[in-house]
Amino acid sequence: MNTQPFLEDAEDLFQNAPFGYMSMREDGLIVNINATLLDWLDYERDEIVYQKPFQDLLGIGGKIYFETHIMPLLKMQGEVSEINIELKTKESTKLPTLINARRILDRSGYQPVYRFSVLDITQRKQYELELKKAREKAEHTVQRLKQINQDLEHFAYTASHDLQAPLNTISGLMSLLDQDGYFPDDSDGKKYFTLIKSNAKRMKLMIKDLLEYSKIDGKEIEFEEVSLNEVCGIALEMIENQVNENNATFIISELPKIEGEKIQLVRLFQNLFGNAIKYRSEAKPVIKVEFDDKGDQISVFVKDNGMGFEQVHADQVFGFMKRLHTHDKIQGTGIGLSACKRILEIHGGTIGAKSEPGMGSTFYFTLPKVSDKAN
């Protein structure tokens with residue numbers, strides 16, 4: 001049987017493998033090396049084999065590590081694996097590698113020989129460097145966001161404190177006027193007093209809850225069972241004057257209970273209802289609220305007969321401080337719908353709009369239903 005072709009193939013595989021291979025004596029002298037590793041190191045075979053100890057291919061730190069760690073392990077355990085070490089090329093360029101080594105006996109059966117497999121991990125190191133830079137950049141961004149959140153929390157605290165002071169003054173003065181008999185029972189004054197007192201109390205609660213919400217830093221809000229019909233009722237109370245002034249009609253279907261944060265949902269519907277009235281047409285505003293059951297969530301539709309807008313602007317209306325009309329034409333800040341989008345994101349939902357000039361608008365969004373366990 002002719003084994004020559006097999007031996008030639010084996011030699012070719014050894015010399016041109018994607019790994020570097022090398023054998024050395026116990027004193028470190030290199031006795032064999034394949035063409036792949038020679039190519040990486042930019043040496044000729046006769047410059048290495050029986051000419052250089054492995055230590056000559058290492059920097060100072062590498063030599064110390066080799067003598068104090070790698071060789072003792074090879075002598076005691078007979079092998080090492082997954083060792084990161086830098087080799088020096090002929091031009092003293094650093095070559096990051098991953099080595100595995102094993103101790104065997106030479107052909108005489110008496111002298112130990114150490115065989116190394118060497119993997120060039122230059123590309124891996126580059127990836128690691130890029131990953132480190134990306135991680136550092138992400139950490140820097142996180143720190144900036146934390147600082148921004150702290151600044152916003154401080155602003156919210158200051159704003160809430162400054163807002164509560166005049167509210168307390170208004171409530172106190174109204175109570176004094178009531179005690180002095182300025183609001184007789186069954187009078188319009190008594191009705192207004194009750195309404196002012198109720199709204200001042202609700203505004204204090206809104207400010208308090210807004211402050212608590214501003215303190216949430218990357219934590220999920222704890223949801224509870226919320227009646228959407230109750231939420232819509234509160235939202236309408238909050239804009240009662242706007243509803244009456246525009247003679248607006250609201251047709252609200254029997255809505256399900258959902259899992260959510262009540263005060264934020266009130267703000268959601270308050271903003272949508274207020275916008276439906278603000279962007280009214282010449283006709284009396286009629287706003288309908290309907291829903292569609294989607295299994296574990298619902299889709300809510302808030303439809304109006306207002307002025308509408310071009311569908312191409314459907315995404316723009318949810319942008320922060322983005323408006324389709326000038327302040328002179330229709331007053332507003334452009335924050336309301338952006339806040340709606342943020343509230344829906346917190347609830348794991350989405351929001352969109354369909355509209356046509358002169359044909360009204362439909363704002364639709366999803367909310368999670370109350371789970372079966374909750375029922």
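**A walk through one sheet and its surroundings**

Hi everyone, let's start with a single pair of residues: Ser355 stands opposite Ser361, which belongs to strand S12. Please keep in mind that what you see on the screen is a predicted model.

That serine pair is our way into two strands. S11 covers residues 351-355, and S12 covers residues 361-368. The two run antiparallel, and 5 bridges join them. Together they make a hairpin with 5 residues between the strands. If you look along that turn, you will find Gly358, which takes a positive phi near 80°.

Is S11 largely enclosed or open to the outside? Count its residues: 4 of the 5 are buried, so the rest of the structure largely encloses this strand.

Now let's widen the view to the sheet. What is the order of its strands? Reading across, the order is S7-S9-S10-S12-S11, so to speak a row of 5 strands in an open sheet with mixed pairing. At the edges sit S7, residues 249-252, and our friend S11, and each of these pairs on one side only. Neighbouring strands here are turned against each other by 20° on average, direction ignored. As a little background, strands of a sheet pair through backbone hydrogen bonds, either parallel or antiparallel.

On its other side from the hairpin partner, S12 meets S10, residues 297-304. This pairing is also antiparallel, and it runs over 7 bridges. For a landmark, take Ser299: its bridge partner in S12 is Thr366.

S10 also brings us to the salt bridges. How many does the structure hold? There are 9 of them, and I'd like to show you a few. Side chains of opposite charge can pair when their charged atoms come close.

The pair that involves S10 is Glu290 with Lys303, where the closest N and O atoms are 3.0 Å apart. Glu290 is in strand S9, residues 286-293, and Lys303 is in strand S10, so to follow this link you move 13 residues along the chain. Glu290 has 30% relative accessibility and counts as partly exposed. Lys303, at 31%, counts as partly exposed too.

Another pair is Glu79 and Arg102, whose side chains meet at 3.2 Å, N to O. Glu79 lies in strand S3, residues 79-88, while Arg102 lies in strand S4, residues 94-105, so this salt bridge ties together parts that are 23 residues apart in sequence. Glu79 has a relative accessible area of 38%, which makes it partly exposed.

The last pair on my list is Asp27 with Arg25, with 2.9 Å between the closest N and O atoms. Asp27 is partly exposed at 46% relative accessible area, and Arg25 is partly exposed at 36%.

Let's turn to something nonpolar. Which residues form a nonpolar patch on the surface? They are Ile170, Tyr192 and Ile196, with about 280 Å² of accessible area together. Ile170 lies in helix H5, which covers residues 122-179. With 42% relative accessibility, Ile170 counts as partly exposed.

Finally, a word on cysteines. A search of the whole structure finds 0 disulfides. Two cysteines to look at are Cys232 and Cys340: Cys232 is buried, at 1% relative accessible area, and Cys340 is buried as well, at 0%.

If you take one picture home, let it be S11: an edge strand of the sheet, yet largely enclosed by the rest of the structure. Thanks for listening!

Key: Residues numbered from 1 in each chain as written. Predicted model: local features only at pLDDT ≥ 70, side-chain atom pairs only at ≥ 80, totals over all residues. Heavy atoms only, no water. Buried < 20%, exposed > 50% of the residue type's maximum accessible area, 1.4 Å probe, protein only. Pairing = 2+ DSSP bridges. Patch = residues over 30% accessible without salt bridge, like charges linked within 9 Å, V, L, I, M, F, W, Y side chains within 5 Å. Areas by Shrake-Rupley, 256 points an atom, 1.4 Å probe, with all protein chains shown as cover. Salt bridge = Lys/Arg side-chain N within 4 Å of Asp/Glu carboxyl O. Disulfide = S-S within 2.5 Å. Axes fitted to C-alpha atoms, helices over the stretch in contact; angles between N-to-C directions.
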